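Here's a quick walk through a model, with the cut-offs spelled out as they come up. Have the viewer open and follow along.

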Number of protein chains: 2
Amino acid sequence: MEISPIAHIFTEFSDKFGIPRQSGLAKDTIGRIVFEPEYRNPDALKGLDGFSHIWLIWEFTECHTDEFKASVRPPRLPNNSHMGVFATRSPYRPNALGLSSVEIADISPDSDEGPIIYVKGADILSGTPIYDIKPYLPYADCHIDAKGGFAENVGDYRLKVHFPDDYLSRIPEENRSAAVEVLAEDPRPSYAKNDPEKVYGLTFAGHNIKFSVNYKNLYVVDVF
Amino acid sequence: MEISPIAHIFTEFSDKFGIPRQSGLAKDTIGRIVFEPEYRNPDALKGLDGFSHIWLIWEFTECHTDEFKASVRPPRLPNNSHMGVFATRSPYRPNALGLSSVEIADISPDSDEGPIIYVKGADILSGTPIYDIKPYLPYADCHIDAKGGFAENVGDYRLKVHFPDDYLSRIPEENRSAAVEVLAEDPRPSYAKNDPEKVYGLTFAGHNIKFSVNYKNLYVVDVF
């Protein structure tokens, strides 16, 4: 089956490194969905303003893999456990399709680029092609008693972020809380070991944030 | 982007007519997911047994449309209202991708056809190709305070089903409650007007069920 992008999403994530592992974890990040010229019709969004969330079906552009790997190593599982690819949301899957539910922040029906949907919490690389947008239907999509498998047992991995004011002020004010959220989600590669001397770099909102981590504490050491 | 089926799902729905409008509405219907030969590896499902629900991304095989229609008429809205295609789950969309969350009923890791996932509540035509299977992650996918837009205001359309024992006994016992559920969901085309004389036919579990509807009552009049 051949599918073609209907839109692209533009976010503060210009680099794969640092993208939250699931949508909604960094709720203050704003993404902008811009339709392809042939779909720039405000009628196509009629009624969407009554919904709070949408589904995006998109492409893992940086993770194509030719060979089928049945199992993957999800982040944050003890002992580098392997899980089946269909039991994970890993990007390394036969069809590189991503699925995210995001909150609608605003809909601008008639901009110079056609209708724009602004969304919160998109865990998606900037420039990613989107293949479908569907409304989130609470009665069909929200299973409050669903069991989350091994993903429920990863524990509290969130980091306490120490971001000196001097560095924080270099980030545009509207991106600051999102930057802290993204750091708190622990953007280190999943194979990282605790090494308080190691300095990592995160590109976010056009800035490079340097930080190191000692157990549950993350220290920002430079921003440029 | 070219995508290829990883599996096919086999359900009791051999005909588009009568398929519930969203997944999970007819919870007693069982679907069987059979992987393509190259993905028949039980390792690919490792860890899935800890989850209660999965997402399926699949193809609306009977609804391809060449021309982009920005708006559609969702079923059960008053006055034949039109809504934007991206504000609906209509099959008539630029990329004919369907999205359903279904409950895992059982996983058979090692059958003659490789691993099989049995699921409940699949609103999908039998034989439909599946492009991805992902675990349902409650912390990311369940938004309990989400607003459901116009889809919340369709009212109580469920029908009271009158299914004489004589006819019901012609359906295999394991399919009976599912058949009643599917009928209660009102499988008439959305443009149907109230006409108690009109007889409709539903194909389900290999049987043809004839029925008529008078307002909120559905009467089964034959099964063969």
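## One cavity

Searching the whole structure turns up one cavity of 30 Å³ or more. A cavity here is a set of points, on a 1 Å grid over the protein atoms alone, where a 1.4 Å probe fits but cannot get out. The grid points are joined across faces, edges and corners, and the volume is the space filled by probe spheres set on them. By that recipe the largest cavity comes to about 30 Å³. Before going on, a word on ground rules: this is a predicted model, where local features need pLDDT of at least 70, side-chain atom pairs count only at pLDDT 80 or more, and totals for chains, interfaces and linings use all residues. Residues are numbered from 1 along each chain as its sequence is written, chains are lettered from A and ligands numbered from 1 in the order in which they are written, and side-chain values use heavy atoms, with hydrogens and water left out.

So who lines the largest cavity? The residues are A:T65, A:E67, A:F68, A:K69, A:Y92, A:R93 and A:P94, where lining means having an atom within 4 Å of a point. Sorted by class, that gives three nonpolar, one polar and three charged residues. For the sorting, Ala, Val, Leu, Ile, Met, Phe, Trp, Tyr, Cys and Pro are nonpolar, Asp, Glu, Lys and Arg are charged, and the others, Gly among them, are polar.

## Two copies

Chain A can be laid on chain B with an RMSD of 0.0 Å, using a turn of 180° and a shift of 0.0 Å along the axis. The two copies are thus related as by a two-fold rotation axis. The superposition is least squares on the C-alpha atoms of residues with pLDDT of at least 70 in both copies. At the interface, 99% of the interface residues of chain A are also interface residues in chain B, so the copies meet through the same surface.

B:F68 has contacts in both chains: setting aside its neighbours within four places in sequence, B:F68 touches A:E38, A:Y39, A:A44, B:V85, B:F86 and B:P94. Contact means heavy atoms within 4.5 Å. B:F68 sits in the loop between strand 3 (53-59) and strand 4 (71-72) of chain B and is partly exposed, with a relative accessible area of 26%. The scale runs from buried (under 20% relative accessible area) through partly exposed to exposed (over 50%), with a 1.4 Å probe and protein chains only.

## Strand 1 and its partners

Strands (E, at least two residues) and helices (H or I, at least four) are DSSP runs, numbered from the N terminus. In a regular strand the side chains alternate between the two faces of the sheet. Strand 1 (residues 7-10) of chain A shows this: A:A7 and A:I9 point to one face and are buried, while A:H8 and A:F10 point to the other and are not.

Which strands pair with strand 1 of chain A? Strand 2 (residues 30-35) does, antiparallel over four bridges, and strand 8 (residues 128-135) does too, antiparallel over three. Pairing requires at least two DSSP bridges between the strands. A:A7 has a bridge partner on each side of that list: A:F35 in strand 2 and A:I130 in strand 8.

## Helix 3 and the sheet beside it

In helix 3 (residues 176-184) of chain A, the buried residues are A:A178, A:A179, A:E181, A:V182, A:L183 and A:A184. They pack against strand 9 (160-162), strand 10 (200-204), strand 11 and strand 12 of chain A. Among those strands, 9 and 12 run parallel and are joined by three bridges, with A:H162 opposite A:Y219. Strands 11 and 12 pair antiparallel over six bridges, and there A:N214 stands opposite A:N217.

## Positive phi

Most residues other than glycine have a negative phi, and most peptide bonds are trans. A:Y215 has a positive phi near 50°, in the hairpin of strands 11 and 12 of chain A, which has two residues between the strands. At 60% relative accessibility, A:Y215 counts as exposed.

Over in chain B, B:D186 takes a positive phi of about 65° just after helix 3. B:D186 lies in the loop between helix 3 and strand 10 of chain B. Is B:D186 buried or exposed? B:D186 is buried, with a relative accessible area of 10%.

Key:
1 Å grid on protein atoms, 1.4 Å probe; cavity = no way out; pocket = protein on both sides within 12 Å on 5 of 7 lines; lining within 4 Å.
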